[in-house]
Amino acid sequence: MTSFPKARAHLKPNTAAFELNPLVKPTGFREYDARWWFGHPASDKAPELNLMGVQALGLGIGTYLAETGVKQRVVVGHDFRSYSNAIKLALVAGLMGSGCEVVDIGLAMSPMAYFAQFALDVPAVAMVTASHNDNGWTGVKMGANRPVTFGPAEINRIREIVLNAEYRFGQGSYSFVENFFQNHYYSELADRPKLKRKLKVICACGNGTAGAFAPQVLEALGAEVIRLDCELDHTFPRYNPNPEDMEMLHAMAHAVKEHGADVALGFDGDGDRCGVVDNEGNEIFADKIGVMLARDLAALNPNALFVADVKSTGLFATDPELRRLGAKTDYWKTGHSYIKKRVAELGALAGFEKSGHFFFNPPVGRGYDDGLVTAIAVLDMLDRNPGKSMADLYRALPKTWATPTMAPHCEDEVKYGIVEKVVARIEAMQKAGFSIAGHPIRDVVTVNGVRVTVDDGTWGLIRASSNKPELVVVIESPVSEARMREMFKAMDAILRENREVGAYNQTI
């Protein structure tokens, strides 16, 4: 009779037990993907997952597919980290053990795996990636209903299957798709008219996965591409490939000025996000890029519907140009699976996350998040505005003052409880008629954490990170930098009432 050991939440490395049992920390099953600390030589932090644990995850995913009636055919790929291929092969072993036919596209960006569901007509996807997380992290982005990926209900059921060893076993198979990028994905993006406008583009990849793919696609469009940290190096010697972090944005800004480029486009570790710096070196947060793209697309598609996450700028609702064009925006939960699903449900033209996950429905994209599709949309916007620079288009937006996404440390086991306390605290303040940062509360939105707006339009957000032991804080003011800073001070003071909240990863 086929069986597999039940997963353990804690195992000590360098022991027989660690080799004989699957280690799967339950908190690794997040809201819209799975992510664990696998371990790193420079860290003494205990691992949350071992290779047998990855096998258990593969068995769980395959069992879930069988349980829900989805054909057990799964495309897999892996990002560029020293351990990702080994993790993928352990995942493949588990998938095959559950009876899955596995189609392996090899080294890939996450959007390449999503695209493979369409190009190879494969129902399900399991992409091994830690996304923008630091080295030592790993995870899997999963889905079985293209173009959307699993959300809490699906992830929680897989969690139950894995933790309770409720596996179904079967006889699987394996095939490898050689040259998937050259033969499939490249032509998907490059087979189109070239840019009319001559554009010099910085392509920044932080030595991550996108370096193997992004420059060739941008060059195929007719852009002059200057490569910045495109050589693959899984030690990430300069900075973590994350265009939401100021360190990467600063490097992009320096390169723009050094080379006199029209724009810098930066991609995260698995290539599903894109960050932008304009020709003057302005580091444009992704939600503002979203407003610029929404303006561009709404001009071509009057009365367009967009989706934005709750971390995003209020300009999606208040921008006079979007209003003139009849565009409307639905604010929804942060998270690539949430926004992807909402865009699909509403039939929206596009969805935007402050993190840089953008989702374009046809005719621009296929509904999933792809950093290169976003980059192409930015270049097309510049192409449609030959007399304006990226900085001109940015200046045309109403001015607001916003923080970067800031993340104070908070352990996975307590972070959601802390957010519940903060929500209750702010709702009580609103009910009692109290002010925040010296201004009356206008409204409180609790669709994802708490977003509180005061009477002058200044707002602050506190929510739990879905993929790291952190909280997330974002502040924006349409009034002044001083008001933004006052709001941050007030929101941080509410957070600091909870001693479990640690230091920020970056702050203003």
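## Rings, cores and backbone exceptions in a predicted model

Colleague: Which residues do ring pairs link into a cluster?
Modeller: This is a predicted model. In it, a cluster is held together by ring pairs. Its members are Phe115, Phe180, Phe181, Tyr185, Tyr186 and Phe213.

Colleague: How many aromatic pairs does a search of the whole structure find?
Modeller: Rings count as a pair if their centres lie within 6.5 Å. Searching the whole structure on that basis gives 20 aromatic pairs.

Colleague: Tryptophan 37 and tryptophan 137 form an aromatic pair; what is its geometry?
Modeller: The centres of the tryptophan 37 and tryptophan 137 rings are 5.8 Å apart, with 75° between the planes. Planes over 60 degrees apart count as edge-to-face, so the pair of tryptophan 37 and tryptophan 137 is edge-to-face.

Colleague: How many residues apart are tryptophan 37 and tryptophan 137?
Modeller: Tryptophan 37 belongs to strand β1 (residues 34-37) and tryptophan 137 to strand β5 (residues 137-143). The pair therefore links distant parts of the chain, the two residues being 100 residues apart.

Colleague: Is tryptophan 37 buried or exposed?
Modeller: Buried means under 20% relative accessible area. Tryptophan 37 has 7% relative accessibility, so it counts as buried. Its partner tryptophan 137, with a relative accessible area of 4%, is also buried. For tryptophan 37, then, the term is buried.

Colleague: Phenylalanine 306 and phenylalanine 352 also form an aromatic pair; which class is it?
Modeller: Phenylalanine 306 lies in strand β12 (residues 305-309) and phenylalanine 352 in strand β14 (residues 350-352), 46 residues apart. Both phenylalanine 306 and phenylalanine 352 are buried. Their ring centres are 5.8 Å apart with 40° between the planes, and the pair is classed as tilted.

Colleague: At what distance does arginine 366 lie from the ring centre of phenylalanine 118?
Modeller: There are charged groups over rings to consider here. The charged end of lysine 340 sits over the ring of tyrosine 114, 4.4 Å from its centre. Arginine 366 lies over the face of phenylalanine 118, and its distance from the ring centre is 5.1 Å.

Colleague: Which helix gives the largest share of the largest nonpolar core?
Modeller: The largest nonpolar core has 73 residues. Ile105, Leu218, Leu265, Phe267 and Phe306 have the most contacts inside it. Nine residues, the largest share of this core, come from helix α13 (residues 371-383).

Colleague: How many residues does the second, separate core have?
Modeller: In soluble globular proteins, nonpolar side chains tend to be buried together. A second core here is separate and includes Phe4, Leu65, Ala144 and Phe150. Its size is 37 residues.

Colleague: What is the order of the six strands in the open sheet?
Modeller: The pairing in this sheet is antiparallel. Its edge strands are β16 (401-402) and β17 (435-436), each of which pairs on one side only. The order is β16-β21-β20-β19-β18-β17.

Colleague: Which residue in β19 is the bridge partner of valine 445?
Modeller: Strand β18 (residues 439-445) and strand β19 (residues 450-454) run antiparallel and are joined by four bridges. For valine 445, the bridge partner in β19 is arginine 451.

Colleague: At what angle does helix α15 run to β18?
Modeller: Helix α15 (residues 412-432) lies across β17, β18, β19, β20 (459-464) and β21 (471-477). Relative to β18, helix α15 runs at about 130°.

Colleague: Where is the cis peptide bond with omega of about 15°?
Modeller: Most peptide bonds are trans. A cis peptide bond joins arginine 146 and proline 147, with omega about 5°; proline 147 is in the loop between β5 and α5 (152-163). Proline 363 is in the loop between β15 (358-360) and α13. The cis bond with omega of about 15° joins proline 362 and proline 363.

Colleague: Asparagine 207 has a positive phi; is this residue buried or exposed?
Modeller: Most residues other than glycine have a negative phi. Asparagine 179 has a positive phi of about 55° and is partly exposed, with a relative accessible area of 41%. Asparagine 207, in the loop between β7 (200-204) and α7 (214-220), has a positive phi of about 65°. With a relative accessible area of 5%, asparagine 207 is buried.

Notes: Residues are numbered from 1 along each chain as its sequence is written. This is a predicted model: local features need pLDDT of at least 70, side-chain atom pairs count only at pLDDT 80 or more; totals for chains, interfaces and linings use all residues. Side-chain values use heavy atoms; hydrogens and water are left out. Two strands pair if DSSP finds at least two bridges between them. Contact means heavy atoms within 4.5 Å. Axes are lines fitted to C-alpha atoms, for helices over the stretch in contact, and angles run from 0 to 180 degrees between N-to-C directions. Rings of Phe, Tyr and Trp (its six-membered ring) pair if their centres lie within 6.5 Å; planes under 30 degrees apart count as stacked, over 60 as edge-to-face and the rest as tilted. Buried means under 20% relative accessible area, exposed over 50%, partly exposed in between (1.4 Å probe, protein chains only). A charge sits over a ring if NZ of Lys or CZ of Arg is within 6 Å of the ring centre and within 35 degrees of the ring normal. A nonpolar core is a set of buried Ala, Val, Leu, Ile, Met, Phe, Trp, Tyr and Cys residues joined through side-chain atoms within 4.5 Å.
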